[in-house]
Amino acid sequence: MSTHKARSKSSLFLMELILVILFFSISAAICMKVFAAAKVKTDFSRNVSNATFVAETIAETFKDCDGNLIELAEKFDGEASGTTLIIYYDNEWNSCKKGNESFVMTVNKTTEEYLQRAKIDINTATGEDLFELVVADANTD
């Protein structure tokens, strides 16, 4: 009869152990999901912050260059064509060549009688919008 009691206590202990392991496994899975979501949001926030900084820099330089996209392209290693400037950026927000980009900035210039405008769009390489800025400057032409 004593072996029956010992066997009963050990099986109860094993059941408790299995339940504790199950509980911690489920808790760990939930924590991993929360941490993964937090990382995605952190990366997105960092990219939006960097995109804002880069767009503001381009906007100020656009004004400094009096809206000359060719001069702007030379300063930021971009490709100017007509009224459009395209600059490619890698994961670290350094300008790079087409094909290695993670982000793409497009500057579209419009000119009115006394005003030059530039619409600055920054997108991920997959086309997701990150930031948009419109800048205007007096037309000196």
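**Exercise 1. A buried acidic residue**

Task: Determine which residues Asp137 touches, leaving aside those up to four places away in sequence, and establish whether Asp137 is buried or exposed.

Solution.
Step 1. Apart from residues up to four places away in sequence, Asp137 touches Lys63, Asp66, Tyr114, Leu115 and Gln116. The structure examined here is a predicted model.
Step 2. Asp137 is located in strand E6, which covers residues 129-138.
Step 3. Asp137 is buried, and it has no salt bridge.
Step 4. The nearest side chain of opposite charge belongs to Lys63, at a distance of 5.9 Å. A salt bridge requires a side-chain nitrogen of Lys or Arg within 4 Å of a carboxyl oxygen of Asp or Glu.

**Exercise 2. Confidence in the model**

Task: State the mean pLDDT of the protein chain, and identify where confidence is lowest and where it is highest.

Solution.
Step 1. The protein chain has a mean pLDDT of 90, and 93% of its residues reach 70 or more.
Step 2. Confidence is lowest in H1, where the mean is 89.
Step 3. Confidence is highest in strand E2, residues 84-89, at 95.

**Exercise 3. Salt bridges**

Task: State how many salt bridges a search of the whole structure finds, and describe the pairs formed by Asp43 with Arg46, by Lys75 with Asp64 and by Glu112 with Arg117.

Solution.
Step 1. The principle is general: side chains of opposite charge can pair when their charged atoms come close.
Step 2. The search of the whole structure yields eight salt bridges.
Step 3. In the pair of Asp43 and Arg46, the closest N and O atoms are 2.6 Å apart. Because the two residues are three residues apart in helix H1, about one helical turn separates Asp43 from Arg46. Asp43 is partly exposed, with a relative accessible area of 23%, and Arg46 is likewise partly exposed, at 43% relative accessibility.
Step 4. Asp43 and Arg46 also belong, with Lys39, to a network of salt bridges.
Step 5. In the pair of Lys75 and Asp64, the closest N and O atoms are 3.7 Å apart. This pair links distant parts of the chain: Lys75 is in helix H2 (residues 69-76) and Asp64 is in helix H1, eleven residues apart. Lys75 counts as partly exposed, at 46% relative accessibility, whereas Asp64 is exposed, with a relative accessible area of 56%.
Step 6. In the pair of Glu112 and Arg117, the closest N and O atoms are 3.4 Å apart. Glu112 is partly exposed at 42% relative accessibility, and Arg117 is partly exposed at 33%.

**Exercise 4. Helix H1 and a nonpolar patch**

Task: Name the residues that make the nonpolar surface patch, classify Leu19 by its accessibility, and give the separation of the C-alpha atoms of Ala36 and Ser10.

Solution.
Step 1. Leu19, Leu22, Ile26, Ile30, Met32, Val34 and Phe35 make a nonpolar surface patch of about 750 Å².
Step 2. Leu19 is part of helix H1, which spans residues 2-64.
Step 3. Leu19 counts as exposed because its relative accessibility is 53%, and the class "exposed" begins over 50%.
Step 4. Ala36 also lies in helix H1. Its relative accessibility is 42%, so Ala36 counts as partly exposed.
Step 5. Ala36 and Ser10 are 26 residues apart along the chain, and their C-alpha atoms are separated by 39 Å.

Conventions:
Residues are numbered from 1 along each chain as its sequence is written. This is a predicted model: local features need pLDDT of at least 70, side-chain atom pairs count only at pLDDT 80 or more; totals for chains, interfaces and linings use all residues. Side-chain values use heavy atoms; hydrogens and water are left out. Helices (H or I, at least four residues) and strands (E, at least two) are DSSP runs, numbered from the N terminus. Buried means under 20% relative accessible area, exposed over 50%, partly exposed in between (1.4 Å probe, protein chains only). Lys and Arg count as positive and Asp and Glu as negative; His and the chain ends are not counted. Contact means heavy atoms within 4.5 Å. Patches are made of residues with over 30% relative accessible area and no salt bridge: like charges are joined within 9 Å, nonpolar side chains (Val, Leu, Ile, Met, Phe, Trp, Tyr) within 5 Å. Accessible areas come from the Shrake-Rupley method with a 1.4 Å probe; for residues, only the protein chains shown count as cover. pLDDT is the predictor's confidence in each residue, from 0 to 100.
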